[in-house]
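Student: I have a structure open and a list of terms to apply. Can we go through them and see what earns each name?

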Amino acid sequence: MIPELKQEIKSLQEEVIRLRRDLHMHPELGFKEFRTSKKICEYLGALGIETQVLAQTGVVGLLKGNGPGPTILLRADMDALPLQEMIDKPYKSIYDGVAHGCGHDAHVAMLLVAAKVLSKHRQEFKGNIKFLFQPNEETTDPRAGALVMIREGVLENPRVDGAFALHVWTDLDSGKIGVVNGAIMAGLEEFELTIFGKGGHTASPHAAVDPVIAAAKIVDAVQFISTREINVFNPTIIMFGRIQGGSWRNVIPEKVELGGTIRYLFEDEEREKAMLKEKFERIIQGVCLATRTDYEIKYIPSNPSMKNAPEMVQFVREAARETLGGEQSVVEYRVMGGEDFAEFTRMVPSAFYFVGARNKEKGSHYPHHHPLFDIDEDVLLIGVEMHVRSALAYLNNK
């Protein structure tokens, strides 16, 4: 390993903070990260790293080591959210309704600085490092950035043998790394459900067919699936995030529209997911039969569950011990959120992990996607060092 690595990275603290704050002030939505993409290309180019643009705004930098060897991919997502930020900081978003409320600005800054460190030491490893800056992670449609980049060949020329990605996380204390073997983030299926009834007056409900009460019963009834029909060791969440129906207080509407998500962690994912959707629709059909309503359901394909390869997790654990000074800094951790890095984990052995960024005294304790979301900037150097150490550990042990 590189002597005095920690001191070298420490000397770049102001730079990584400056990069993160600049990106935070200039957030861009998925596939519109043109300024971000340009800055990444300029930064990597100045380091002598050849770059390629894929998926409209995505950037891949290729760093070649001292001779042939395996290729490791390090990934950072770079898109922002359609969110009105409310933090009172000098680096607050300059755009109304667009903000880095999930930490992707930090991800880009950390990977750029890691690329700077690794490019300085390119003679000290064999093989290649691909620095992947991915657009459009904050979506669950079929054009999510990871899948588009895979289809455009990001895992080829040279062929990628393994991949790492990290995520700053305000549910974990600063100074902690969260990782686990196997499933670490949930598979996700989104749905749009419409309940059709027959409009009428609320004074004469018997003369109408009420889709409102049917929708209410469906929201409640499907909760029995996760508590009565699914093994408790297979976490399952069915949530409704949108209900729309009606135009006035005394009018029974013709229809009610609902939207939501189904999240799951299954070992036999395809078979169990099909069974879960069958249970979901069976209850909807039953409620509609009982209430004389009809329904229409549409599923929006999304990411599968994300599963870490144990041998890649071991590299992360070793890097964490070196970075943070002991095994006590690593915690077993998984969440029911979705992440399109899952697409990479299906193609090559990979490890995804969380870098704790919660510090209440610094105001970095709000959840992701919250208007007051911010991070403890002291963890930026942790992320840089984790990238560097995990990549070198992989390349020097293959």
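**Values against definitions**

Tutor: Start with helix H2, residues 13–25, in this predicted model. At 1.5 Å a residue, its 13 residues should span 18 Å. The end C-alpha atoms are 18 Å apart, so the span agrees.

Student: Which residues of H2 are buried?

Tutor: Gln13, Glu15, Val16, Ile17, Leu19, Arg20, Leu23 and His24. Buried means under 20% relative accessible area.

Student: What do the buried residues of H2 pack against?

Tutor: Four helices are listed: H1 (5–10), H3 (34–46), H4 (104–120) and H11 (380–395).

Student: Now glutamate 42 and lysine 38. What makes this pair a salt bridge?

Tutor: The cut-off is 4 Å from a side-chain nitrogen of Lys or Arg to a carboxyl oxygen of Asp or Glu. Here the N to O distance is 2.6 Å, which is within 4 Å, so the pair counts as a salt bridge. Both residues lie in helix H3, four residues apart, about one turn of the helix.

Student: Why is lysine 38 called exposed, and why is glutamate 42 called partly exposed?

Tutor: Exposed means over 50%, and partly exposed lies between 20% and 50%. Lysine 38 has 52%, so it is exposed. Glutamate 42 has 45%, so it counts as partly exposed.

Student: How do you know that glutamate 189 and lysine 273 form a salt bridge?

Tutor: Their closest N and O atoms are 3.7 Å apart. The limit is 4 Å, so the pair qualifies. This pair links distant parts of the chain: glutamate 189 is in strand S8 and lysine 273 in helix H8, 84 residues apart. Both glutamate 189 and lysine 273 are buried.

Student: Why is glutamate 272 called buried?

Tutor: Its relative accessible area is 19%. The limit is under 20%, so glutamate 272 is buried. Its side chain meets that of arginine 271 in a salt bridge, at 3.0 Å from N to O. Arginine 271, at 44%, counts as partly exposed.

Student: How many salt bridges are there by this rule?

Tutor: The count comes to 31.

Student: What is the volume of the largest pocket, and which residues are closest to its centre?

Tutor: About 510 Å³ of space lies in the largest pocket. Of its 23 lining residues, Glu138, Arg263, Gly337, Gly338 and His369 are the closest to the centre.

Student: Which strand gives the most to the lining?

Tutor: S5, with three residues. By type, the lining divides into six nonpolar, ten polar and seven charged residues.

Definitions and conventions. Residues numbered from 1 in each chain as written. Predicted model: local features only at pLDDT ≥ 70, side-chain atom pairs only at ≥ 80, totals over all residues. Heavy atoms only, no water. Helix = DSSP H or I, 4+ residues; strand = E, 2+ residues; numbered from the N terminus. Expected span 1.5 Å × (residues − 1). Buried < 20%, exposed > 50% of the residue type's maximum accessible area, 1.4 Å probe, protein only. Contact = heavy atoms within 4.5 Å. 1 Å grid on protein atoms, 1.4 Å probe; cavity = no way out; pocket = protein on both sides within 12 Å on 5 of 7 lines; lining within 4 Å. Points joined across faces, edges and corners; volume = space filled by probe spheres on them. Nonpolar A, V, L, I, M, F, W, Y, C, P; charged D, E, K, R; others polar.
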